[in-house]
Amino acid sequence: KQWYQRRVAITAGNMDIVPKDLNNIRACMMCSLLKNADQFILDGCDNCDQWLNMRSNRDRVMDCTSPNYEGMIALTNPDESWVARWQRIRSFTRGMYAVSVMGKLPSYIQRELERQGIKYKSRDLGI
């Protein structure tokens with residue numbers, strides 16, 4: 001019962017980050033966060049939107065996310081998770097993440113990030 005209460009407390013404030021259903025899930029190409037396309041359009045990326053500006057921009061969501069990904073990680077306690085450290089998602093918000101995201105950001109977005117001093121590293125383990 002204590003484990004369940006802790007789990008509920010951890011996830012209670014972050015239900016908007018978890019994909020609403022398994023249809024049309026996309027992964028952010030910068031941080032690998034998984035959300036439905038509509039969630040990305042409505043709220044942007046909870047980790048990267050200050051740089052990627054996906055909120056309220058369908059075209060930008062399609063450019064910065066991918067429907068092709070492998071694996072899922074439920075990140076509930078980033079500070080204590082060895083998986084979060086291994087996946088380079090330790091400083092990110094709680095939520096669902098892809099293990100690998102196929103593809104990479106378009107070159108014009110990579111140039112925008114570079115101008116902002118942000119180093120982009122593809123989340124595609126196949127590259």
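Contact is taken here to mean heavy atoms within 4.5 Å. The structure described is a predicted model, and its protein chain comprises 6 helices and 5 strands, which follow one another from the N terminus in the order α-β-β-α-α-α-β-β-α-β-α. Of the 127 residues of the protein chain, 42% count as buried, and the accessible surface comes to about 7700 Å², with 49% of that area belonging to carbon and sulfur atoms. Among the contacts between residues at least 6 apart in sequence, 52% join residues that are at least 24 apart.

In the loop between α5 (82–87) and β5 lies F92, which is buried, with a relative accessible area of 19%. When residues up to four places away in sequence are set aside, F92 touches C31, N47, L75, P78, Y97 and R123. The separation between F92 and L33 is 59 residues in sequence, whereas their C-alpha atoms are 8.9 Å apart in space.

One of the residues touched by F92 is N47, which is placed in the loop between α2 and α3 and is likewise a buried residue, at a relative accessible area of 14%. Beyond its neighbours within four places in sequence, N47 is in contact with C31, L33, F92, T93 and Y97. With Y97 the relation extends to a polar contact, made between the side chain of N47 and the side chain of Y97 at 3.0 Å. C31 and Y97 therefore appear among the contacts of N47 as well as among those of F92, given that contact requires heavy atoms within 4.5 Å.

Y97 also figures in the largest nonpolar core, a set of 29 residues in which C28, C31, C45, L52, M54, Y97 and L105 touch the most other members. At least two residues of this core are supplied by each of β1 (25–28), α2, α4, β4 (69–75), β5 (95–101) and α6, and the greatest contribution comes from β5, with 4 residues. In soluble globular proteins, nonpolar side chains tend to be buried together. The surroundings of L52, one of the core residues named above, include C28, M30, R60, C64, L105, I109 and L113, again not counting residues up to four places away in sequence.

Cysteines recur in these descriptions, C28, C31 and C45 being among the core members named, yet the structure holds 0 disulfides. The sulfur of C28 has its closest cysteine sulfur in C31, at 3.8 Å, which is too far for a bond, since a disulfide would require the two sulfur atoms to be within 2.5 Å. For C64 the closest cysteine sulfur is that of C28, and the separation of 7.0 Å is also too far for a bond. C28 is buried, with a relative accessible area of 0%, and C64 likewise counts as buried at 0% relative accessibility.

Turning to charged side chains, a search of the whole structure finds 3 salt bridges. In one of them, the side chains of D46 and K35 meet with a distance of 2.7 Å from N to O. Because D46 lies in the loop between α2 (37–43) and α3 (49–52) while K35 belongs to strand β2 (residues 34–36), this pair ties together parts that are 11 residues apart in sequence. The two partners differ in their exposure: D46 counts as partly exposed at 37% relative accessibility, whereas K35 counts as buried at 1%.

A further salt bridge joins E112 to R60, the closest N and O atoms being 2.6 Å apart. This pair links distant parts of the chain, with E112 in helix α6 (residues 107–115) and R60 in helix α4 (residues 58–64), 52 residues apart. E112 is partly exposed, with a relative accessible area of 21%, whereas R60 is buried, at 10%; R60 is also one of the residues touched by L52. Another salt bridge is formed by D49 with R55, where the closest N and O atoms are 3.9 Å apart, a value that falls within the 4 Å cut-off. D49 counts as buried, at 12% relative accessibility.

Definitions and conventions
Residues numbered from 1 in each chain as written. Predicted model: local features only at pLDDT ≥ 70, side-chain atom pairs only at ≥ 80, totals over all residues. Heavy atoms only, no water. Buried < 20%, exposed > 50% of the residue type's maximum accessible area, 1.4 Å probe, protein only. Polar contact = N/O pair within 3.5 Å; in protein donor to acceptor, adjacent residues only side chain to side chain. Areas by Shrake-Rupley, 256 points an atom, 1.4 Å probe, with all protein chains shown as cover. Core = buried A, V, L, I, M, F, W, Y, C linked by side-chain atoms within 4.5 Å.
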